[in-house]
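Trainee: Hi, could we go through this one together?
Mentor: Sure, let's bring it up.

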2 protein chains.
Amino acid sequence: MTGSNILMTDLTAKARSAARYLAGVDDATKAAALTGAAQALRDGMADILSANATDVTAAVAAGISPAMLDRLTLDAPRVASMAAAVEQVATLEDPVGQIIDRRERPNGLVMERVRVPVGVLGIIYESRPNVTADAAALGLRSGNAVILRGGSEAVHSNRAIHACMVQGVCQAGLSADIIQLVPSQDRALVGDMLRAQGAIDMIIPRGGKSLVARVQDEARVPVLAHLDGICHSYVHKDADPDMAQAIVVNAKMRRTGICGATETLLIDQDYPAPAALITALLDAGCEVRADDVLMELDARTVSADAQDWDTEYLDSVISACVVSGLDEAMAHIARHGSHHTDAIITQDSATAARFLAEVDSAIVMHNASTQFADGGEFGMGAEIGIATGRLHARGPVALEGLTTYKWVVRGQGQTRP
Amino acid sequence: MTGSNILMTDLTAKARSAARYLAGVDDATKAAALTGAAQALRDGMADILSANATDVTAAVAAGISPAMLDRLTLDAPRVASMAAAVEQVATLEDPVGQIIDRRERPNGLVMERVRVPVGVLGIIYESRPNVTADAAALGLRSGNAVILRGGSEAVHSNRAIHACMVQGVCQAGLSADIIQLVPSQDRALVGDMLRAQGAIDMIIPRGGKSLVARVQDEARVPVLAHLDGICHSYVHKDADPDMAQAIVVNAKMRRTGICGATETLLIDQDYPAPAALITALLDAGCEVRADDVLMELDARTVSADAQDWDTEYLDSVISACVVSGLDEAMAHIARHGSHHTDAIITQDSATAARFLAEVDSAIVMHNASTQFADGGEFGMGAEIGIATGRLHARGPVALEGLTTYKWVVRGQGQTRP
């Protein structure tokens, strides 16, 4: 074994042991640990900001991009909202112990399916230090031990935040091993996490596309992630033009950097008001990369090339084309989509029903903005991410997605004939 | 691409297209396809038996083991029960379209979580030709396209059974691509299936430990499987001796070759009647591999070595040892178990509650035989297997385990503020 192997084996063994104990800990204790952690974050604000200043200074010296610098930088309001978020997770309903199925058999056996924590979660993330608090809080609330591996540019910030989270955990009488921060930035440790089958139960990457792609490519442990959010809004011929315009502009422009932002607009060839739609986007400051038909509607459009249909811009840019109808719209989404969130805008309920049934995405929407693709908007509270895989959990993943179940069978001496 | 790549790409593309269509097919049509397939199996009995005779002759000439020969061989009653099993799957409730969660938000958005098929299933199996019918039936009932890859020793039998299944599917007006049998025995095709991320959604191996281990080791597609069934029965000090004896003998000896058979007996040091337990197993024809303490109770016991605690015998052999109490029993299970099925026998409900909560297995039982670990016994109907992984589905996996869900969001023009 290499040095990194030995270190990861030690971390995961401690996490497994802590997870076994945590699975039986009551709701109030877990909530108290989170409330204590939130208070520790507030009390530790000076330390956190000082640690963050060290990271920021080094990052600026290393020539970090403005966007990454913004993600890395903490200030008092950001730390306060980090603490508030941890406190908010404490108020969410504990999913552990919920009975989700019960069968009483003719022979008297009672089978119950009971929610239990997944066990040990590995979180791999980049420059945002708040993930340290968020992921630890969601993991703990759902009874899981977490192993956190943040970006090297945020190492001091992450250590300071981690210390506060552990303080809350220990004050509640729980083991510090519930929330472990990988103590070294050795990149081999990420590989060790990804190959820790049986020792880590699920890996959740939080960060840019290159991080997620590496994790999905190398991991032997199951991964809960989305790689792309190439979301579509399809304006059907029977869409209400005012509604269509309001939804499309919102779906693209409200926040362009989130994974639920619409990246491609599909307009039915019989939709009566395509020019108004394109113009509204352009007027809102959006670049429109259009097919030949739509380019004729407004001189400010530019020509889309083949790559545009497969591109997640995360910016004030949209690709747009005309489709012959529902079938071509769904074929376009099947070919170019990322199984994240896709929406239809129409007043025709039969068309909407087919779209909702046949489009194979984690979230399908009718007459709503794709920007609603967010756990908070679904009433789940904080989310750990949006899953575009097909198994275990799909769409916004919050506490329930961090649990699994076991079958509990109670008898009175039954033997099988 | 190699030739096998090209072939697998073609198979999976057809399967995906068929799966997209099948996801919207109504319950009655799917049931009719299965009823038709059952009839085709009965009508095709002569062809199936003739094809099977070809396989059996070749297998005998190749020196196949008696156990494998038994698995391979079909006769009229076996074909009839294969048809009856397919017909029985037709009577099971269709899980597709079930609404498993519904939220109406303050802004008027309605979010429903709806069960949908997983999509494309890959089934990799060995000598049992009945898996061709079973897996195809369960896959179709839950709206999935299946790609079947059976053992080379059963190739003619599998083709004959597959032809009958396809006949039922086509008579119901569905595409033959819903149930595809890999047309070549090229072993590279198994590797292609295991690495078909995005093209195959889930691999289910059905067969011996070496097959399952290879699949788990090589697969990049998610695998639903169990590798081992090292099941434990723990006789607590407060167990009723008559009940304990009846359960333990049944758990080990009813059928020794199933994955839910108990392989290790843990006896509490304060249990009053250990000798009767050991003697009952020996009298039932079971070899008992015991620790030093238990060896003194009956001269017919043999000494267990270190490997015995990690061995799935699937035979009339049990390993047995004394434990100091509940904690040592649970520690033994955590160290040597396979997260399949583990049972406690006790009259003390607090002890049982701790065992059920803390033992980390797909199925935990109180005062019942581990031989009940079977989808049929859980009232699920036919099962595709028992999953010992932690995610997606755990324990007996039947129709519901072959589905996932999507979020369907309905609005009236909502945009996100």
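**Strands across the chains**

Mentor: Strand β13 (residues 363–368) of chain A and β16(B) pair in the parallel sense over five bridges. Strands here are DSSP runs (E, at least two residues) and helices are runs of H or I of at least four, numbered from the N terminus; two strands pair if DSSP finds at least two bridges between them. This is a predicted model, in which local features need pLDDT of at least 70 and side-chain atom pairs count only at pLDDT 80 or more, while totals for chains, interfaces and linings use all residues. Residues are numbered from 1 along each chain as its sequence is written, chains are lettered from A and ligands numbered from 1 in the order written, and side-chain values use heavy atoms, without hydrogens and water.

Trainee: Which residue stands opposite Gln414(B) in that pairing?
Mentor: Ala368(A) does.

Trainee: And what is the strand order in the open sheet?
Mentor: Ten strands run β10(A)-β9(A)-β11(A)-β8(A)-β7(A)-β12(A)-β13(A)-β16(B)-β2(B)-β1(B), with mixed pairing. At the edges stand β10 (302–303) of chain A and β1 (99–104) of chain B, each with a single partner strand, so one side of each has no neighbour in the sheet.

Trainee: How do β12 and β13 of chain A pair, parallel or antiparallel?
Mentor: Parallel: β12(A), residues 341–345, joins β13(A) over four bridges. Asp342(A) has Val364(A) as its bridge partner in β13(A).

Trainee: Switching topic, how many residues of each chain are in contact?
Mentor: 69 residues of chain B are in contact with 69 residues of chain A, where contact means heavy atoms within 4.5 Å.

Trainee: What about the area buried between them?
Mentor: It is about 5,800 Å², of which carbon and sulfur atoms give 49%. That is the accessible area (1.4 Å probe) that the two parts lose on being put together, summed over both. Leu391(B), Trp407(B) and Arg416(B) supply 14% of what chain B buries against chain A, more than any other three residues.

Trainee: How many salt bridges are there between the chains?
Mentor: Ten between chain B and chain A, counting a side-chain nitrogen of Lys or Arg within 4 Å of a carboxyl oxygen of Asp or Glu. One salt bridge joins the side chains of Arg20(A) and Asp360(B), at 3.6 Å, N to O.

Trainee: Which element gives the most residues to chain B's side of the interface?
Mentor: β16(B), with eleven residues on the side that touches chain A.

Trainee: And how many salt bridges over all chains?
Mentor: The structure holds 60. Among them is one between the side chains of Arg102(A) and Glu112(A), 3.3 Å from N to O. This pair links distant parts of the chain, with Arg102(A) in β1(A) and Glu112(A) in β2(A), ten residues apart.

Trainee: Last one: what turn lays chain B on chain A?
Mentor: A turn of 180 degrees with a shift of 0.0 Å along the axis, giving an RMSD of 0.0 Å. The two copies are thus related as by a two-fold rotation axis. Superposition is by least squares on C-alpha atoms of residues with pLDDT of at least 70 in both copies.

Trainee: Which C-alpha of chain B is nearest the axis?
Mentor: That of His392(B), 1.9 Å from it. The same surface serves both copies, as 100% of the contact residues of chain B recur in chain A.
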